Amino acid sequence: MEKIFKRCQSLSDLPMHYCPGCGHGIAHRLVAEAVDELGVREETIGVAPVGCAVVAYDYWNFDCSEAAHGRALAVATAIKRVHPQKLVFTYQGDGDLAAIGTNETIHAANRGENLSVIFINNAVYGMTGGQLAPTTLLGQKTSTSVDGRQKQLHGYPLKISEILAALPGVYYVERVSLESPAGVLKAKRAVKQAFQNQLNNLGFSLVEVLSPCPTYWGLSPQAALQWIKDVMQKEFPVGRIK
Amino acid sequence: MKILLSGNEAIAQGALAAGCDFYAGYPITPQNELIAYMAKHMGAGTKRSPGPSRIFVQAESELAAISMVYGAAAAGARAMTSSSSPGISLMQEGISYLAGARLPAVIVNIMRGGPGLGNIAPSQADYFQATRGGGHGDYHLIVLAPASVQEAYDLTQTAFDLADKYRIPVMILGDGILGQMMEPMQLSVQKIKTAPVKKWALTGCRGRKPNIIKSFFMREGGLEQANLKLQQSYESIKQAQIRFEGLFLSDAEIVVVAYGTMARIAKGAINRLRGAGKKIGLLRPIGLWPFPQKPFQSKARRLKYLVVEMSYGQMLEDVRLAVEGRHPVEFLGRSGGGVPSEEEIIGRLQRML
Amino acid sequence: MIQRIIIGGSGGQGVMLLGKVIAQSAMLEGKQVTWFPAYGAEVRGGTSHCMVTIADSGIGSPYITAADTLIILNQPSLGKFKKLIKANGLLILNSSLAEAGRQTKIKVLQFPFTGIALKLGNLKVANMIALGVLVAAQKTVKVNNILKVFKSMAGAENPKLLEINRRALEEGLQLNHG
């Protein structure tokens, strides 16, 4: 019988710890598939965030570094400068990339570092128990915005991808979404594109991935996907930004 | 041939001589000459820097600078950053991660007045922060405290070697006077050193299993094991890496204990008193962690110590721990830009005699 | 032998440079020397100073609390540093921009360095005229070593610049003879 689906070489055989319906497992696999297809597993160095994906390096099968919360792009800047021939990417959540690490994010982008960023936006802090994130939607309830996000109190959802797209040092920004098989396929293309850009020395590339967090959205996995489509994509429209 | 260099420039020159190939920093007085010197001499492929290509990055903050050093060290480079007190406080996050991930790096702190924004005057008030680890967790840095421009150059080279040997961050602890002062010094003509092969470094996993650089150990007992390994490493450092200078110790009735710039000022005072026949000695810790305890285990019956610092008494605690109550320990210190003068030290010693 | 010199003036008068020339010349003579600047915001405008210590053996503090010699190029610096000069010490003063007032316990050599520099055609060499006075009075360093230092400094490839510094030094040496 022909084998049509197998584990990527860039994935380890460790079972993932993520909640049922979480998007991280899919996003990890997309990264691994892209690395495999580009044939660069042995030339890849990943930088994992602090957040739910903190042990992403356990699931990938290539060299990886941990970074302090928010500092992934500073760490990646240095790794890429030391090894300009390697594929260096960061994998970061919304709190990591767009709150505590906003400074590192904007300046790495503005320097035009030849890096790829996989930015997982699930509109909430997952690992710490579902607190308000920079990308939390107006009205969305979290453990630190118990009556829902209010613009008077918390400001607006931060559209970091649009901000980064305005910087001349940034080459490529695309927002994708894991709400459907079609969305996942588009996401895969975007991740691969971001890596390919780096291999072609084109500069800073970022893929924002709208990703479900059923646990802290208080929804079933299926309802969470629907919520991405019906609510989240209204605030964060998918498609090529730059 | 001797050249006239400032302490800041000498540290930079020492780093270049040691084969430092990655520097990231953020401007802060009084160490700006250091970052400027690195910017001028690290740039790859310029006429100014023949030899291996090196990387210089001006970071967006000290937080980013130390994380860049972390990334470069993880990638196998000989990495360094420099700053001054408030900037070093910001770097504590990354320093703790360097220690936890067992990454070699050199961190320079040209201390200024604190707390808070303080001022830019020389100070030694970051001793606790430097020698106790500084950030969160059970860890230490090797801390080296040069007292002259020449020693700043020499110890910076030592720092890179120790960092690689023990996979540990090493701090060069100076102050505004040492950083700013110019003195004649000799450049050693030794060949540029290259870092040893680092099998653990991130280089892409061709022909081997993936390497992971991390300080996170969630599995039960995992962190305790990792921390015990750190402690073992610290024990071997304590055995092998004790550095101090002793002057007139054999017949001294009072031993002045001081480090860095304060030690050279104390030396001036001691030489003047020796000229007048007074039996004063000097004990200058060169390594602050590990702290040289043995030289304090004197059995002399009549012996007093005077600790002199540009702080209100930080190394004082280590001296008291080392003396273990056998002899009286007195203290003279100023802070916030005040520097005890030779005259003040002489006055105090005369009262103690 | 140990000699402690404080040099004070305003930003732009070449106070730091003067100190470095003395320090480098002393280094060429195999002496111990430290040069310690005022650093930070005070360097821009206002007063600027540096401290040079020259000795036969190891130097303790590079920070000077009692100076053998003061070289003062403007009035505010005189106010700031006159209390640091030792009894019987030497004050070399730029009378173009400062007045010594009544001084009884110290020796004063005052000349209009700025005025003389203007006559030479470059305001910025007032510092080197003061250096000439220092060297003539105290033999701190040898003139030929100062000339060597001039030649090794930035801008030395400009023969005009080198020449005017040399002339300024010469002018200072003469002043004190007269």
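Student: What makes contacts in chain A count as joining residues far along the sequence, and what share join residues at least 24 apart?

Tutor: This is a predicted model, by the way. Take the contacts in chain A between residues at least 6 apart in sequence: 69% of them join residues at least 24 apart.

Student: How do you know what size chain A should have as a compact globule?

Tutor: Use its 242 residues: a compact globule of that length would have a radius of gyration near 18 Å. Chain A has 17 Å, so the value agrees with the rule. Its C-alpha atoms fill a box of roughly 50 × 50 × 30 Å along the principal axes.

Student: And what makes a residue of chain A buried?

Tutor: It needs under 20% relative accessible area. In chain A, 57% of the 242 residues are buried.

Student: Why is α6(B) called largely enclosed by the rest of the structure?

Tutor: Count its residues: 13 of the 18 are buried, so the label follows.

Student: How do you know what span to expect for helix α6 of chain B?

Tutor: Helix α6 of chain B covers residues 149-166, which is 18 residues. You multiply 1.5 Å by one less than the number of residues. That gives 26 Å, and the end C-alpha atoms are 26 Å apart, so the two agree. Just after α6(B), B:R167 takes a positive phi of about 50°.

Student: How do you know whether chain A and chain C are in contact or apart?

Tutor: Contact needs heavy atoms within 4.5 Å. No contact joins chain A and chain C, and their closest C-alpha atoms lie 27 Å apart. Of the two pairs of chains that touch, chains A and B have the most contacts.

Terms used. Residues are numbered from 1 along each chain as its sequence is written. Chains are lettered from A and ligands numbered from 1 in the order in which they are written. This is a predicted model: local features need pLDDT of at least 70, side-chain atom pairs count only at pLDDT 80 or more; totals for chains, interfaces and linings use all residues. Side-chain values use heavy atoms; hydrogens and water are left out. The radius of gyration is taken over C-alpha atoms; the globule rule is 2.2 Å times the number of residues to the power 0.38. Buried means under 20% relative accessible area, exposed over 50%, partly exposed in between (1.4 Å probe, protein chains only). Helices (H or I, at least four residues) and strands (E, at least two) are DSSP runs, numbered from the N terminus.
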